[in-house]
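Colleague: I want the reasoning behind the labels, not just the labels. Can you take me through this predicted model?

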Amino acid sequence: MADRVAIVTGAARGIGAAVAQRLAADGFAVALLDLDEQAVRDGAEKIVAGGGKAFAAKLDVSDEAQVNEVVARVADELGAPTVLVNNAGILRDNLLFKMTADDWDAVINVHLRGAFLMSKAVQAYQTKEGWGRVVNLSSTSALGNRGQANYSAAKAGLQGFTKTLAIELGKFGVTVNAIAPGFIATEMTAATAARMGVDFEDLKKGAAQTIPVQRVGTPDDIAHTTSFLVSEGAGFVSGQVIYVAGGPKD
Ligand code: NAP
């Protein structure tokens, strides 16, 4: 993978940070992009200190001009980006009758518009190179989850987006898949616990009891699956949604 360049959005922390470190360990040059510039700089420094190649930049994935500018900078700094992990995400949970139009728009914009803009910018390099991998972060919430009308619509939307890109880009050597994580211990789920007024450790313990493998997931569980999907050997796997949830979810 020496000459291959991977972009990870939302790479400041949680799943994105773990995916970035794993892809660097796999030999990719990695571009870490996030709203939190200092955190992605720290992540990139760690990769470089370990002997890898990395680039970090501040990016709002829902801003078209920023996306096009930053993806071009990645190409200048590291080479043509042919791997894209659309991971950036936010929550604005509320029951439908309390959910505002802003809550709806914010979630749809980051997950769906963000994945669309990033994929469109990166496909220009993938189709030219005749090789590529896209991994979109969906969620078990795509199957429906109380208080998440916006998020579940976005995560289900990403599954349709994944299958369509797989059909369109296959002839260029590009595979497109989605990972649908279950409960993963990150700041996102910690924030959910805080909003519910529940201790995070108690929330994790309760969740683990409902999961067949009897534990909640870690960012490394998702990084491992991503590593497989972007590998050379996964070239015949495309348009799939892999539930990484400690048990069957669909
Ligand atoms: P996280 O800890 O909240 O990290 C998400 C990262 O995305 C943050 O660094 C955040 O930056 C960044 N981000 C948010 N909006 C952005 C934007 N407009 N442009 C660029 N970056 C942006 O979340 P996580 O738990 O690692 O989740 C990562 C992905 O997995 C998300 O798509 C999430 O929906 C999905 N997922 C998570 C779980 C779970 O249980 N944790 C389950 C299923 C799916 P700031 O901190 O600066 O806002």
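Modeller: Start with the sheet. Seven strands make it up, in the order 3-2-1-4-5-6-7, with parallel pairing.

Colleague: What makes strand 3 and strand 7 the edge strands?

Modeller: Strand 3 (54–58) and strand 7 (241–244) each pair on one side only. From one strand to the next, the twist averages 20 degrees.

Colleague: How do you know that strand 5 and strand 6 pair?

Modeller: Pairing needs at least two bridges. Strand 5 (residues 132–137) and strand 6 (residues 174–181) share six bridges in the parallel sense, so they count as paired. As for one such bridge, N136 has A178 in strand 6 as its partner.

Colleague: Why do you say that helix 4 packs on the sheet?

Modeller: Contact means heavy atoms within 4.5 Å. Helix 4 (residues 101–129) touches strand 1 (5–9), strand 2 (29–34), strand 4 (81–86), strand 5 and strand 6. The direction of helix 4 makes about 160 degrees with that of strand 4. Helix 8 (residues 219–229) also packs there, touching strand 4, strand 5, strand 6 and strand 7. Its direction makes about 165 degrees with that of strand 6.

Colleague: Now the ligand. What makes the Y151 pair a polar contact?

Modeller: The cut-off for N or O atoms is 3.5 Å. A polar side-chain atom of Y151 is 2.5 Å from a ligand oxygen, so the pair qualifies. Backbone atoms take part too. A polar one of V61 lies 3.1 Å from a ligand nitrogen, and a polar one of G182 lies 3.3 Å from a ligand oxygen.

Colleague: How much of the ligand does the protein cover?

Modeller: Alone, the ligand has 900 Å² of accessible area, and the protein covers 92% of that.

Colleague: Which residues come nearest, and which helix gives the most to the shell?

Modeller: There are 30 residues around the ligand; R13, D34, N87, Y151 and T186 come nearest. Helix 6 gives the most, with three residues. Helix 1 (14–25), helix 4, helix 5 (149–169) and helix 6 (187–196) each supply at least two.

Colleague: What is the shell made of, by class?

Modeller: The shell has 14 nonpolar, 10 polar and six charged residues.

Technical notes. Residues numbered from 1 in each chain as written. Predicted model: local features only at pLDDT ≥ 70, side-chain atom pairs only at ≥ 80, totals over all residues. Heavy atoms only, no water. Helix = DSSP H or I, 4+ residues; strand = E, 2+ residues; numbered from the N terminus. Axes fitted to C-alpha atoms, helices over the stretch in contact; angles between N-to-C directions. Near = heavy atom within 4 Å. Polar contact = N/O pair within 3.5 Å; in protein donor to acceptor, adjacent residues only side chain to side chain. Areas by Shrake-Rupley, 256 points an atom, 1.4 Å probe, with all protein chains shown as cover. Nonpolar A, V, L, I, M, F, W, Y, C, P; charged D, E, K, R; others polar.
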